[in-house]
Each structure stands twice: as structure tokens, then as C-alpha cells.
Amino acid sequence: MATSLGSNTYNRQNWEDADFPILCQTCLGENPYIRMTKEKYGKECKICARPFTVFRWCPGTRMRFKKTEVCQTCSKMKNVCQTCLLDLEYGLPIQVRDTGLSVKDEVPKSDVNKEYYTQNMEREIANSDGTRPVGQLGKAPSSSDMLLKLARTTPYYKRNRPHICSFWVKGECKRGEECPYRHEKPTDPDDPLADQNIKDRYYGINDPVADKLLKRASTMPRLDPPEDKSISTLYIGGLGDTVTDGDLKSHFYQFGEIRTITIVQRQQCAFIQFATRQSAEMAAEKSFNKLIINGRRLTVKWGRSQAARGKEGIKDGVSEMGTRLDPVPGLPGALPPPPALDEEAPANYFNLDPGTSPAVMNIALPPPPGINPPPPGFGPPMFHPMGHMAPPMPPPMSMRPPGQIHYPSQDPQRMGAHAAHGSRHGD
């Protein structure tokens, strides 16, 4: 601590005396009725080393007691919670917040410069309404897509759990279930998350939690605009039956003038063409991975030009999204190409012997095996005599050479040959 209360060498007008702490919802707890202990000038701030009012409370059942760690001036300078030092708006570390907003707010670390900087910030805080950040953070843009994707929208109360019992780890805890600490296996000491520092968290340097979140942000999907500047069309997928062109127009008109909206109901998708490329880029940036219309999450992609679609064509095994599809087991493979036909060869539709005379076409089907043929004079004639020569009987199916196939539909009697030969015979 810098000085005692009875010392006159320190200006006690700079000491903080607050009535309520600045806390996030997670540190405050889920119980709306809590009791806090308040101690004026109980400890010195871990950043500026000035005495401040310390609050202590229990955020919930089976949770550990928590207290404020930094003064309210340091909390307002960075817009963070006094206990966990996470951003009050996004719930993210300061390093991630400053990276997303492109803020370079370098707080001095030496004692004299830090005290001078703090006094100037207190004067700026006193002149403001106290509802918005001050300094470089107050001049930064209001939001960032990366921060909106990484932000924690609900409180994370597991962060308030008790610490791990060190006696239980050594096998010497005799409290059993009455022990207020957790009896769990500790994390790996080589894990980077096991080494966290409150000053590094506040200054936004060497924060392992921030490094983990920034790596996650670098691997998140992005929608890069195409190189062809003439493309100003967006593809909207997953429309279903509830989303109409009026719903799409009411959402996308805010980004710029819309030229056409084409809905393909069969594919449940739509193509929205903007008048300018700038409007299309803004619509893609604001709608990618966060477009919800009528309770349906829609897919947003860039359209392709006609030339690119003609060059790419349809690729086997590649879906419309561009991902390669795995083959389905059990399906037959592709059919082989048909054999090349010789133009000079005659067309043999009935698989007959090329040397056979056309008179042999009056052939009836032989009886099936196991059934005796009818006696002569009964039943349909097997052939019709033409002149003085009768055609030979066709061989049975088992005696035919391979390659000659006889189908019932090739029966000459069924094709009207009997009537033709009868009229010729009558002549």
C-alpha cells in the first residue's frame, strides 16, 4: 500500500470511495438478492496502486467469494469489470477487444507517467456522462463483426466455481464433502491457460485466453468478394416455403438499390442482383453467417459470372457448394460406352443368320419342354408352304448356336406374315 491513512504525504483526495462496484453479469451471479461487504480503502488497486473501496460477495450457492481487484478509474478507462477484467460489452479479454476495434490504447506502466495519465483520465471521466467509454476506446467504431461472432451472449457462471483443493491433490484432505473447494484433477501445468496474469490481462499483452480466441477467429469462415468486379449478385440458399421475395427485399434494400430478385423455388434459393458492387459487398459483409428471416437461417454466398460457370461446367462428385461428395456404396458403376457400329454392316434386328432366306421367317414357336407336340393336322401350322419347297424346322432352343436369340415378339404370325402369304397363295 502506498501510505497509511494517518500519513499526510499522500493526497487522499485521489482515493476512491464508491457506493457500488462495476461488475459484469457473470461476476455478479445469478441470484438477484446478494449481500456485499464494503470496506473503504481496503486494498490498493493492482494497476494504479491507489487505495480504493473493496466489495466482497458470494455470487451463488457452492460458489467462491469474489471481490473487486482494480479501482473504478482503471475500470472505466478500459470499460472492463472490476473483478474479472473482461470487457463489459462483449465479455472478451481486452487484447481481443482492442484487436477487433483496431485500438492502440497504451497505458503507461511507470509510476509517474501512470499517475499523470490517470489524473487526466479522471478529469475526462468527470466531464462525460459516464455511460460511454473514454479515451481512445471512446473514439473507436461501435462494433466489429469479429467481436460479434466471438462475444459471449449469456453469463458463464462456471467461472465462479471454487478453486481446486490443493490438499485433495496431495491426498491429504480430511474434510470430505464439507470441503468448500473442488475435488477435481487440476489442469496440465504445461497448458498456456494455466499461466494467467491480471496485469497482462489489463494491458492486453501475453494473454493466453486472448491468443486462443484470436486463433479461433482466424479459422472462422469468411466470405471474400470475388476478383471479378462485374459480379454484383448474391446467392441466398435455404429459403424453404416461408421466405418470399418481399421478405428478401425488405431486408436487403437497406444496403443499396436492388436491380432484380430471382427466386428458384425448386432449389429453394434466390439470386439478388444489386445495382452497384459496393452495395453487394456491404450486404455480403453484414449478412454472412447471421442472416435469419422468418425464423430460418439462410446461406449467403457470392454469385458466379456466366463465363466462370461455362468454364467450370458440371464436375462429377462435386456439389453445388463446391465440396467433394463421397461415393455411395452399393450403387453400380458407370455403364461402358456402346460399341462402334459399322455403317456398311446391315441392320440385323432379329439376330437371324445372315444367310437365311426371307422365306424362313414363317416360323412358329416350338412347344415348351415337357409338353408333347400336337398330332399332325391339329393345332396351328408350323409353316406355310411356299411353292414346292418347305422351309426346314427351326432347331430347339438348346440346340441353337450362341448368338441367335428367338423372342416371342419375333413370331411371324404375330406380325401379319400369315395374312400376307395367304393372299399370295390364293393368287
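Biologist: Looking at the stretch just after α3, which residue takes a positive phi?

Modeller: That is S102, with a phi of about 55 degrees. Please keep in mind that this is a predicted model. S102 has this positive phi although it is not a glycine, and its place is in the loop between α3 and α4 (111–127).

Biologist: Why is S102 called exposed?

Modeller: The relative accessible area of S102 is 68%. Exposed means over 50%, so S102 earns the word.

Biologist: Which residue in the loop between β7 and β8 can I set beside it?

Modeller: Try N294, which lies between β7 (292–293) and β8 (296–297). N294 also has a positive phi of about 55 degrees without being a glycine.

Biologist: Why does N294 count as partly exposed?

Modeller: Its relative accessibility is 48%. Buried means under 20% and exposed over 50%, with partly exposed in between, so N294 falls in the middle class.

Biologist: Back to the helix, then. What makes α3 largely enclosed?

Modeller: Seven of its eight residues are buried, so the rest of the structure largely encloses α3. The buried ones are I94, Q95, V96, R97, D98, G100 and L101. What covers them includes α2 (72–78), α5 (136–139), α6 (145–150), α8 (198–203) and α9 (208–218).

Biologist: D98 is in that list. Why is D98 called buried?

Modeller: D98 lies in α3 (residues 94–101) and has a relative accessible area of 12%. The limit for buried is under 20%, so D98 passes.

Biologist: What makes the link between D98 and R97 a polar contact?

Modeller: The two side chains come to 2.8 Å. The limit is 3.5 Å for a pair of N or O atoms, and neighbours in sequence count only if both atoms are side-chain atoms. This contact runs from side chain to side chain, so it qualifies. Not counting residues up to four places away in sequence, D98 also touches K78 and V103.

Biologist: Which ring does the charged end of K78 sit over?

Modeller: The ring of Y202, with the charged end 5.8 Å from its centre. The distance limit is 6 Å, so K78 meets that part of the test. A second case is K170, whose charged end sits over the ring of F167 at 5.1 Å from the centre.

Biologist: How about Q95: why is that residue called buried?

Modeller: Q95 lies in helix α3, and its relative accessible area is 16%. Under 20% means buried, so Q95 belongs in that class. Leaving out residues up to four places away in sequence, Q95 touches G204, I205, N206, D207, A210, D211 and L214.

Biologist: Let's turn to aromatics. How many aromatic pairs does the structure hold?

Modeller: Five. One of them joins F252 and F274, with 6.3 Å centre to centre and 65 degrees between the planes. The pair links distant parts of the chain: F252 is in helix α10 (residues 245–252) and F274 in strand β6 (residues 269–274), 22 residues apart.

Biologist: Why is the pair of F252 and F274 called edge-to-face?

Modeller: Centres within 6.5 Å make a pair, and planes over 60 degrees apart make it edge-to-face. With 6.3 Å and 65 degrees, the two rings satisfy both conditions, hence the name. F252 counts as buried at 0% relative accessibility, and F274 does too, at 0%. Ring pairs link F252, F255 and F274 into a cluster.

Biologist: What makes β4 a mostly covered strand?

Modeller: Five of the five residues of β4 (residues 233–237) are buried. Both faces are covered: T233, Y235 and G237 on one side, L234 and I236 on the other.

Biologist: How do you know that β4 and β6 are paired?

Modeller: The test asks for at least two bridges. β4 and β6 have five, in the antiparallel sense, so they pair. There, the partner of G237 in β6 is C269. β4 also pairs antiparallel with β9 (residues 299–302) over four bridges, where Y235 stands opposite K301.

Biologist: And why are β1 and β3 called edge strands?

Modeller: Three strands form an open, antiparallel sheet in the order β1-β2-β3. β1 (36–44) and β3 (66–67) each pair on one side only, and that makes them the edges. Six bridges join β1 to β2 (residues 51–57), and K38 has F55 of β2 as its bridge partner.

Notes
Residues numbered from 1 in each chain as written. Predicted model: local features only at pLDDT ≥ 70, side-chain atom pairs only at ≥ 80, totals over all residues. Heavy atoms only, no water. Helix = DSSP H or I, 4+ residues; strand = E, 2+ residues; numbered from the N terminus. Buried < 20%, exposed > 50% of the residue type's maximum accessible area, 1.4 Å probe, protein only. Polar contact = N/O pair within 3.5 Å; in protein donor to acceptor, adjacent residues only side chain to side chain. Contact = heavy atoms within 4.5 Å. Phe/Tyr/Trp six-rings, centres within 6.5 Å; stacked < 30°, edge-to-face > 60°. Lys NZ or Arg CZ within 6 Å of the ring centre and 35° of its normal.
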